[in-house]
Amino acid sequence: MRFASLGSGSRGNGSIVASQTTAVLVDCGFSYKEALTRLRRLGLDPGELDGILVTHEHSDHVSGVEALSAKHGIPVYASRGTWIEVGVDKFEKPIYINDLFSIGDIDIRPITVPHDAREPLQFVFSCRGVRLGILSDLGSISQRVVEGYRDLDAISVEFNHDGIFENACRWRFWAFE
Ligand SMILES: [Zn+2]
């Protein structure tokens, strides 16, 4: 499994998780044009994306999703709450907390996280026995997060919220102990 960040922070977030045969984009908080530039920098054509996962409705995670999906026919996956906040007509596939689903050969478990959004999710990916967790915009640490992100081979953590630093450090210490 491969992972790359298209960028993170309040100006736009996006990550790629890919196997040999499947590529998934997690969030797209960039303009369409900027997203293309960043994808191509990684050697990826948007037509190679098999799905876009949306963690929550904040614009730095979602602003480029509609254009990217519409122009390239890429299915979008989000929680029902995110789906409603962004506009029902824009998303196709609601996903549910803790319900494992697959895109190509990548299995994905959505995990609920504390954040000031309607139904925010983060994701743990597995493919051929390798497990990768992505955690962004984490408001604080919950038991569900601790349980959901056990036994990973790799993790990507992004946080820039006031007040989270101490918790995140504690959690990272726990994760790698
Ligand atoms: Zn957010």
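This passage describes the strand pairing and the two open sheets of a predicted model. Residues are numbered from 1 along each chain as its sequence is written. Because the model is predicted, local features need pLDDT of at least 70 and side-chain atom pairs count only at pLDDT 80 or more, whereas totals for chains, interfaces and linings use all residues.

An open sheet with mixed pairing is formed by 6 strands in the order β1-β2-β3-β4-β5-β6, where strands are DSSP runs (E, at least two residues) numbered from the N terminus and two strands pair if DSSP finds at least two bridges between them. Strands β1 and β6 (93–95) lie at the edges with a single partner strand each, so one side of each has no neighbour in the sheet. The twist from one strand to the next averages 25°, with axes being lines fitted to C-alpha atoms and angles running from 0 to 180 degrees between N-to-C directions.

Within this sheet, β1 (residues 2–7) pairs with β2 (residues 14–18) in the antiparallel sense over 5 bridges, and Ser-5 has Ser-15 in β2 as its bridge partner. The two strands form a hairpin with 6 residues between them, and Gly-9 in the turn has a positive phi of about 120°. By contrast, β5 (residues 76–79) and β6 pair in the parallel sense over 3 bridges, with Ser-79 opposite Ile-95 in β6.

A further open sheet, also of mixed pairing, comprises 5 strands in the order β7-β8-β9-β10-β11. Its edge strands, β7 (101–103) and β11 (154–158), each pair on one side only, and the twist averages 25° from one strand to the next. Strands β8 (residues 106–112) and β9 (residues 121–127) are antiparallel over 6 bridges, and Thr-112 stands opposite Leu-121 in β9.

Conventions: Helices (H or I, at least four residues) and strands (E, at least two) are DSSP runs, numbered from the N terminus.
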